[in-house]
Amino acid sequence: MDQIEHKYIDVRGLKLHIAEIGTGPSVVVFLHGFPEIWYSWRHQMIAVANAGFRALAPDFRGYGLSQQPHEPEKASFKDLIEDLLAILDSFSIPKAFLIGKDFGVLPANLFAVLFPERVSGVVTMGIPYVPSSPSSLFSQLPEGFYILRWKEPGRAEADFGRFDVKTVVRNIYILFSGSELPIASENQEIMDLVDPSTPLPPWFTEEDLAAYVTLYEKSGFRFPLQVPYRTLQEDLSSKDPRVKVPALLIMGGKDYFLKVPGMEDYVRSGKVKDFVPDLEITFLPEGTHFVQEQFPDQVNQLIATFLSKHSC
């Protein structure tokens, strides 16, 4: 970890934090999800650097050590795509591999759709590429589904506000590392789904938790609740939504997201390849939503093989 450097660059009026390691000619950019930050890629950054690649992991605007936008409620996924383009230009990177997890899958794939000449390949985890509006995925789920709850302005703020930041992050990691969809009953909030005595997943230490807590105490949850949860209705479609660069999807066999109606069939049947023709799909049978932290060695090997195969 000590060999990872930390930089700040001016991007579209904000100072964004970028973690960096490696000096190889080929570049890999890691895009985190929620509640993740650059730190969630710690294992992969070191692995790809050791394999001869240069690794960059930004904190998205409003996350971690990156600056908060002045009006978070006006932010959208398009901001993340424009930020990514500005980051590549700032570092004079003509082309890069993009690795996205959770909602980071969206900017990774959409960037590849819009700027295929800037992308060598895409690796995604936790969520497959679905080119339609993301909110359409959850139409069959009950009102207590966590995404539908957090989409409602003020609901998550009141729920989270009952606890300190450490408890909130801890609960989210416990919930999201389960194999069932987090759904609250009518008289519950999402934080109530976690028994306080439930331990952290064995692969996520108290030291790891502390790293997240330190950054969320700085950033808060105002922007992370806007992007992704309150911008899921955003129309992200394009005339040709296909990702035409080489791609790899890594899914945990016990990832709760596969329980979204139709999702597991969409992936396992190969229908996702209608939109990502050059796609390899790999399941880690015991993996949950955090496969890159849960099984870093296996994920690192899959990534290294993909990068090697598609490097110029």
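Axes are lines fitted to C-alpha atoms, for helices over the stretch in contact, and the angle between two of them runs from 0 to 180 degrees between N-to-C directions. The exercises below apply this to a predicted model.

**Exercise 1.** Describe how helix 6 and helix 7 are placed against each other, giving the angle at which they pack and how far apart their axes are.

*Solution.* Two packed helices are described by the angle between their axes and the distance between the axes. Helix 6 covers residues 165-176 and helix 7 covers residues 206-219, and they pack at an angle of about 125 degrees with their axes 9 Å apart. That angle makes helix 6 oblique to helix 7, because 65 to 115 degrees counts as roughly perpendicular and over 145 as roughly antiparallel. As a last step, the handedness is added: the crossing of the two helices is right-handed.

**Exercise 2.** List the residues through which helix 6 and helix 7 meet, and sort them by character.

*Solution.* From helix 6 come Val165, Lys166, Val169, Arg170 and Tyr173, and these meet Glu206, Leu209, Tyr212, Val213, Tyr216 and Glu217 of helix 7. Sorted by character, the residues of this contact comprise 7 nonpolar and 4 charged ones, with no polar residue.

**Exercise 3.** Decide whether the radius of gyration of the protein agrees or disagrees with that of a compact globule.

*Solution.* A compact globule of 312 residues would have a radius of gyration near 20 Å, and the protein has 18 Å, so the value agrees. The C-alpha trace spans about 55 × 40 × 40 Å along its principal axes, and 58% of the 312 residues count as buried.

Key
Residues numbered from 1 in each chain as written. Predicted model: local features only at pLDDT ≥ 70, side-chain atom pairs only at ≥ 80, totals over all residues. Heavy atoms only, no water. Helix = DSSP H or I, 4+ residues; strand = E, 2+ residues; numbered from the N terminus. Parallel < 35°, antiparallel > 145°, perpendicular 65-115°, else oblique. Left-handed = near helix turned anticlockwise from the far one by under 90°. Contact = heavy atoms within 4.5 Å. Nonpolar A, V, L, I, M, F, W, Y, C, P; charged D, E, K, R; others polar. Rg over C-alpha atoms; globule rule 2.2 N^0.38 Å. Buried < 20%, exposed > 50% of the residue type's maximum accessible area, 1.4 Å probe, protein only.
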